[in-house]
Amino acid sequence: MTVSLLGATEIRRLAAELDVTPTKKLGQNFVVDANTVRKIVQAASVRAGERVVEIGPGLGSLTLAILETGASVTAVEIDHRLAERLPQTAAERGVPEGALTVVDADALRVTELPGEPTVLVANLPYNVSVPVLLHFLETFPALERGVVMVQAEVAERLAAKPGSKIYGAPSVKAAWYGPWRLTGNVSRQVFWPVPNVDSLLVGFHRDAEPRGDETERRRTFEIVDAAFNQRRKMLRQALSGVFGGSAAASAVLESAGVAPTGRGEDLTVDDYHRIARAAG
């Protein structure tokens with residue numbers, strides 16, 4: 001049986017049936033173009049037999065495009081009405097029984113996922129995109145790769161390299177898990193309602209070996225936050241609160257091979273990790 005995708009007419013009909021009005025609070029902008037959802041799935045290289053987790057499936061346009069490949073989907077949806085309706089939509093559009101599992105929950109609070117997904121695919125609202133991504137990467141080590149559609153500014157920040165103006169704490173924290181790259185543009189016109197921001201696709205591949213243990217990750221992220229909270233200051237000043245003074249901070253930085261007079265935006269995730277290890 002072939003899976004048929006949703007078009008603009010079907011999506012508006014579903015929304016009317018459920019009395020769903022896309023809200024800014026939940027960042028709901030539904031994709032109404034089949035070519036776009038297929039583009040996202042293709043960018044993520046989803047293959048038949050894989051288990052994919054989708055965050056915020058909404059009315060199911062992207063969900064169906066993932067299922068069309070022969071992959072199975074665990075969909076995490078915070079809106080109870082949408083979570084309840086999605087299995088019915090999938091069945092009506094030709095999805096085989098058992099291919100879709102819906103988790104009715106807040107993605108930021110999910111700690112278990114059925115089926116051990118290895119791929120993450122999502123259209124994420126900009127206001128929670130970074131916290132959600134970092135939560136899933138931290139909580140679900142089986143996730144090997146993924147592609148998400150987010151606000152262009154967020155995507156650029158996630159993929160930013162040291163030395164650029166947009167490089168910040170999210171860039172370093174995302175890089176802890178592996179490399180990120182921009183993978184495509186998305187027109188505003190494929191959304192309902194049409195947003196007032198541009199969107200981009202950004203993808204990641206998790207490193208084969210973990211960078212460090214959980215204690216090192218927490219310490220590294222603490223140092224990253226301190227460095228970027230005062231990004232215009234030299235590191236010995238920005239990190240003085242973490243290490244008990246600028247002299248102590250300088251000593252830790254020097255032992256890690258990092259110049260105390262440098263700034264946070266110039267350091268790689270490996271630099272931050274070395275500082276955390278040097279701090280003990």
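Is Ile40 buried or exposed, and what is its relative accessible area? I began my notes there. Ile40 is buried, with a relative accessible area of 0%. The model I am reading is predicted.

**Entry 1: around Ile40**

I placed Ile40 in helix H2, residues 34-43. Next I listed its contacts, leaving aside neighbours within four places in sequence. Ile40 is in contact with Leu62, Val121, Val147, Met149 and Leu201. I also looked up the spacing to Glu144. Ile40 and Glu144 are 104 residues apart in sequence. Their C-alpha atoms are 17 Å apart in space.

**Entry 2: aromatic pairs**

How many aromatic pairs does the structure hold? I find six. A pair of aromatic rings is described by the distance of the centres and the angle of the planes. I noted both values for two of the pairs.

I took Phe30 and Trp192 to begin with. Their ring centres are 6.1 Å apart and their planes stand at 40°, so I enter the pair as tilted. Phe30 is in strand E1, residues 30-31. Trp192 is in strand E8, residues 191-192. The pair links distant parts of the chain, 162 residues apart. Phe30 has a relative accessible area of 8%, so it counts as buried, the cut-off being under 20%.

Then I turned to Trp180 and Phe204. This aromatic pair is tilted, with 4.9 Å centre to centre and 35° between the planes. Trp180 lies in strand E7 (residues 180-186) and Phe204 in strand E9 (residues 199-205), so the pair ties together parts that are 24 residues apart in sequence. I checked burial for both partners. Trp180 is buried at 7% relative accessible area. Phe204 is buried too, at 3%.

I also noted an aromatic cluster. Tyr167, Phe228 and Tyr272 form it together.

**Entry 3: a charge over a ring**

Which ring does the charged end of Arg217 sit over? I find the ring of Phe221. The charged end is 4.9 Å from the ring centre.

**Entry 4: helix H5**

How many of the 11 residues of H5 are buried? I get eight, and the helix, residues 129-139, is mostly covered. The buried residues include Ser129, Val130, Val132 and Leu133. I also have Leu134, His135, Phe136 and Leu137 down as buried in H5.

**Entry 5: helix packing**

I looked at H1 against H4. H1 spans residues 8-18 and H4 spans residues 80-92. They pack at an angle of about 130°, with their axes 11 Å apart. That angle makes H1 oblique to H4. The crossing of H1 and H4 is right-handed. Which residues meet there? From H1 I have Leu14, Glu17 and Leu18. From H4 I have Arg81, Leu82, Arg85 and Thr89.

H11 and H12 came next. H12 covers residues 269-279. The two helices pack at about 115°, with their axes 8 Å apart. I record the crossing of H11 and H12 as right-handed. Val252, Leu253 and Ser255 in H11 meet Ile275, Ala278 and Ala279 in H12.

I stayed with H11 for one more residue. Ala248 is found in this helix, which runs over residues 246-255. Ala248 is partly exposed, with a relative accessible area of 30%. I looked up its spacing to Ile166. The two are 82 residues apart along the chain, and their C-alpha atoms are separated by 29 Å.

**Entry 6: backbone checks**

Most residues other than glycine have a negative phi, and most peptide bonds are trans. I went looking for departures.

Is the peptide bond from Trp192 to Pro193 cis or trans? I read cis, with omega near -5°. Pro193 lies in the loop between E8 and E9. Trp192 returns here from Entry 2, where I had it paired with Phe30.

Asp19 has a positive phi of about 55°, although it is not a glycine. I place Asp19 in the loop between H1 and E1. Asp19 is exposed, with a relative accessible area of 61%.

Glu116 also has a positive phi, near 50°, and is a residue other than glycine. I find Glu116 in the loop between strand E4 (100-104) and strand E5 (119-123). Its relative accessible area is 60%, so I mark Glu116 as exposed.

Technical notes: Residues are numbered from 1 along each chain as its sequence is written. This is a predicted model: local features need pLDDT of at least 70, side-chain atom pairs count only at pLDDT 80 or more; totals for chains, interfaces and linings use all residues. Side-chain values use heavy atoms; hydrogens and water are left out. Rings of Phe, Tyr and Trp (its six-membered ring) pair if their centres lie within 6.5 Å; planes under 30 degrees apart count as stacked, over 60 as edge-to-face and the rest as tilted. Helices (H or I, at least four residues) and strands (E, at least two) are DSSP runs, numbered from the N terminus. Buried means under 20% relative accessible area, exposed over 50%, partly exposed in between (1.4 Å probe, protein chains only). A charge sits over a ring if NZ of Lys or CZ of Arg is within 6 Å of the ring centre and within 35 degrees of the ring normal. Axes are lines fitted to C-alpha atoms, for helices over the stretch in contact, and angles run from 0 to 180 degrees between N-to-C directions. Angles under 35 degrees count as roughly parallel, over 145 as roughly antiparallel, 65 to 115 as roughly perpendicular and the rest as oblique. A crossing is left-handed if the near helix is turned anticlockwise from the far one by less than a right angle, and right-handed if clockwise. Contact means heavy atoms within 4.5 Å.
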